[in-house]
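Work through the following exercises with the structure at hand. Each task is followed by a solution in steps.

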Amino acid sequence: MLPGNTDFILDPANVIFLGVFALVLVVVVGTLASAIVSARRAVVRGQAAAILWHEEFEELPASARDCRHAMTGEMPGRRCERAFDCKGCETHARLLADAKPLPAIDAGGFFVLADRLYHRGHAWLKSEEDGTVTLGLDDLATRLVGTPDALVLPAVGERLAENGPAFRLKAGKARVRVASPVSGEVVETGSFAKGFLLRVKPDGPLDTRALLSGREAAAFFGRERDRLQLVLSAAQGIPALADGGVLVGDLSSAIPEEDRDRVLGEMLLEA
Amino acid sequence: MDDTLIGRGLRRTSLPRFLLWLVPWAALLALGLYAVYLCFAIGLNQTNMDNRFAFGLWIYLDLTVIALGAGAFFTGFLLYILKKKELKAVINSAVVIGFICYSGAVGILMVDVGQPLRAWFTFWHPNVHSMLAEVTFCLTLYLSVLAIEYAPLVLKNRRLKEVPGLLVLEHQLHKVMVVFAGIGTLLSFFHQGSLGGLYGVLRGNPFAFREHIGIWPTTFFLFILSAAAVGPSFILLTTWLVGKVSRKRLVSPEVFQTLAKISGWLLLVYVVLKGIDSLVWINSTSPKTGVQVSSFYAHPPFGTWVLFAEVVLLGLVPAALLLSRRVRARTGLLVLAAAMACAGIVLNRYVMTIQTLALPSLPFDSFLSYSPSWQETAAFLAVLGYGVLLYSISFRWLNLFPEERELATKG
């Protein structure tokens, strides 16, 4: 049975003993191999961005996982369980069908533009007449980042995956990625001065069901302002909500340098 | 570079201070590696072991770290199989500690065997009648499983997870972790047991020999139970220690309390069974071989205090403390109780390894004393140095305690 081993006796006890270990070894190697094969398959199918997004969503504190309908007051306290993917959410579809006029909501002191759709990771998307979309950083994130030390944009021709990294920013000690609201091919790179950072040709018909606009976006920014206050006050060691005043324009200077990475990561939903 | 490797929201000491912290442990490892070199280059005459005292400091170390490292398999079992979700807070640290303990034990075994290049002999020429064959197979496989369990922690490093392939592999490995947790439990069950069985089957040594249940001596079951009992205590102790050294809150108090409760109950069951086993041994097993138990305790320093310390002082007392709600509410006492539980198992493994071999087992035999050579001691300490180095590096650049960031944010 074992070449070169003249002492080995092929009896039931020996076969059971070695058989059990061989079986365990096969299970270990087989499970590991299946994980590697599945990983490779997922990468080839372009699922890496979605997996990263779901993993980071799982690590978000509960306060960052509010359902869009909780923010508008339609379903107070409801937490999202679908990584902000509203497309397949039955509750979202039902609430859209039953949509009733709701009171206006304070946008938390941030600009919410009517022609933009907002992603929960603080990127905006604007549909252009030529069928492309432009992407940029929303007002809250722009104020948080300030003037970045570096802006790393993908090259023209590169592909973006929905919820995958759209571009990266470096500001002081902080290094963050901004999640893309859309899947598609980068056709032009912009800059803060140009008013957009990327122009993207979407894959197929544009599906914006997971994005926020109008009153929902206003509610989202109001909630994000509260969350930012908690994140910032924790950075100063004393969690407390401010009870008055207005947000300063340059939020970036209000963040201690050693907390900048954490604060930006938490607000831009990167674990 | 260093900053970009540290997980987001985690505060770590400056790189120069961290490197300074590593220096003494690296020195310890280097000294141990030199001792290992001497053992390989000159031979096992560098140790104070001989044919009569064939198990010394190294086997004692192996038995001890394997028992303490049981927290890895047992925490994995509780989290992935029994779904005790609160233990998610310590599973990463438990895996790293388990990996350190088992890799350290296997490393020392390679030196102890003296011919590491022939290590494969044990797989190709297995003595299936030896408990050690089972231990070797289980240890090797379980170390592989621990390495697989460690991999996702590394792949989840902030920089590495930017590589899509590595991130997806981490995700897929996490999905099948329940399989590895199950296999780890099975393997640990048998090798912890076989390490105990190793002594319980020594018919020629009445101090170690025990009654059998089926084909296994009682020590087989006692070793499994004691390792499972002390594993959570060791996780508790190390988590507290790391928190103190790093000056951070790593887990919520509820996690400590859960670990203490689990450890306390298992320790209590172990102490009761160990007590019954000792009574049977004292009144039946040993007298049947013609040796009264009192003769085992007639050789200083191994008096009856050893048995008392092992079963009562470092067994029953910490079990009672760990099960007390009042004690669990006070971290200081909780840590003391966990340390006592760990010390009890450390003493048990010492008794099983060193006292067993020191006592005379034949009429013409005499009580032997053994003290390790500096090479043995250095190799032993090298495992400690290696463990602290690997744990420190893991703590700095991997996210060992998922609750740490949230606890830091809460202030």
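**Exercise 1: a nonpolar patch**

Task: locate Val280(B), classify its exposure and name the surface patch that it helps to make.

Solution. Val280(B) belongs to helix H11 (residues 253-288) of chain B; helices (H or I, at least four residues) and strands (E, at least two) are DSSP runs, numbered from the N terminus. The model is predicted: local features need pLDDT of at least 70 and side-chain atom pairs count only at pLDDT 80 or more, while totals for chains, interfaces and linings use all residues. Residues are numbered from 1 along each chain as its sequence is written, chains are lettered from A and ligands numbered from 1 in the order in which they are written, and side-chain values use heavy atoms, with hydrogens and water left out.

Next, the exposure. The relative accessible area of Val280(B) is 35%, so this residue is partly exposed (buried is under 20%, exposed over 50%, partly exposed in between; 1.4 Å probe, protein chains only).

Last, the patch. Val280(B) joins Val269(B), Val272(B), Leu273(B) and Ile276(B) in a nonpolar surface patch of about 380 Å². Patch members have over 30% relative accessible area and no salt bridge, with like charges joined within 9 Å and nonpolar side chains (Val, Leu, Ile, Met, Phe, Trp, Tyr) within 5 Å. The areas come from the Shrake-Rupley method with a 1.4 Å probe, and for residues only the protein chains shown count as cover.

**Exercise 2: the faces of a helix**

Task: sort residues of H4(A) into buried and exposed, and find what covers the buried ones.

Solution. In helix H4 (residues 90-97) of chain A, the buried residues are Thr91(A), His92(A) and Leu95(A). Viewed down the axis of H4(A), they fall within an arc of 100°, so they line one face of the helix; the arc is that of the directions from the helix axis to the C-beta atoms. Glu90(A), Leu96(A) and Ala97(A) are exposed on the other side of H4(A). The cover over the buried residues of H4(A) includes helix H3 (68-71) of chain A, where contact means heavy atoms within 4.5 Å.

**Exercise 3: the interface**

Task: describe how chain B meets chain A, then give one residue pair and one buried residue as examples.

Solution. Start with the contacts: 38 residues of chain B touch 41 residues of chain A. The size of an interface is often given as the accessible area lost when the parts come together. Here about 3,600 Å² is buried between chain B and chain A, and carbon and sulfur atoms give 68% of this (the accessible area, 1.4 Å probe, that two parts lose on being put together, summed over both).

Now the charges. Seven salt bridges are counted between chain B and chain A, each being a side-chain nitrogen of Lys or Arg within 4 Å of a carboxyl oxygen of Asp or Glu. Glu270(A) pairs with Arg8(B) in a salt bridge, with the closest N and O atoms 3.0 Å apart.

Finally, Thr31(A) lies in helix H1 (residues 12-44) of chain A. Its relative accessible area is 11%, so Thr31(A) is buried. Not counting residues up to four places away in sequence, Thr31(A) is in contact with Val176(B), Val179(B) and Phe180(B).

**Exercise 4: two salt bridges in chain A**

Task: contrast the setting of Asp115(A) and Lys126(A) with that of Glu224(A) and Arg227(A).

Solution. Asp115(A) forms a salt bridge with Lys126(A), the closest N and O atoms being 3.7 Å apart. This pair links distant parts of the chain, 11 residues apart: Asp115(A) is in the loop between H4 and strand E1 (117-118), and Lys126(A) is in strand E2 (residues 123-127). Asp115(A) is partly exposed at 40%, and Lys126(A) is partly exposed at 24%.

Glu224(A) and Arg227(A) also form a salt bridge, at 3.0 Å between the closest N and O atoms. Both lie in helix H6 (residues 214-235) of chain A, three residues apart, about one turn of the helix. An α-helix has 3.6 residues a turn, so residues three or four places apart point the same way. Glu224(A) is buried at 4%, and Arg227(A) is buried at 4%.

**Exercise 5: backbone angles**

Task: find a cis peptide bond in chain B and a positive phi in chain A.

Solution. Most residues other than glycine have a negative phi, and most peptide bonds are trans. Pro300(B) and Pro301(B) are joined by a cis peptide bond, with omega about 5°. Pro301(B) sits in the loop between H11 and helix H12 (304-323) of chain B. Ala83(A), a residue other than glycine, has a positive phi near 55°. Ala83(A) is in the loop between H3 and H4 of chain A and is buried, at 2% relative accessibility.
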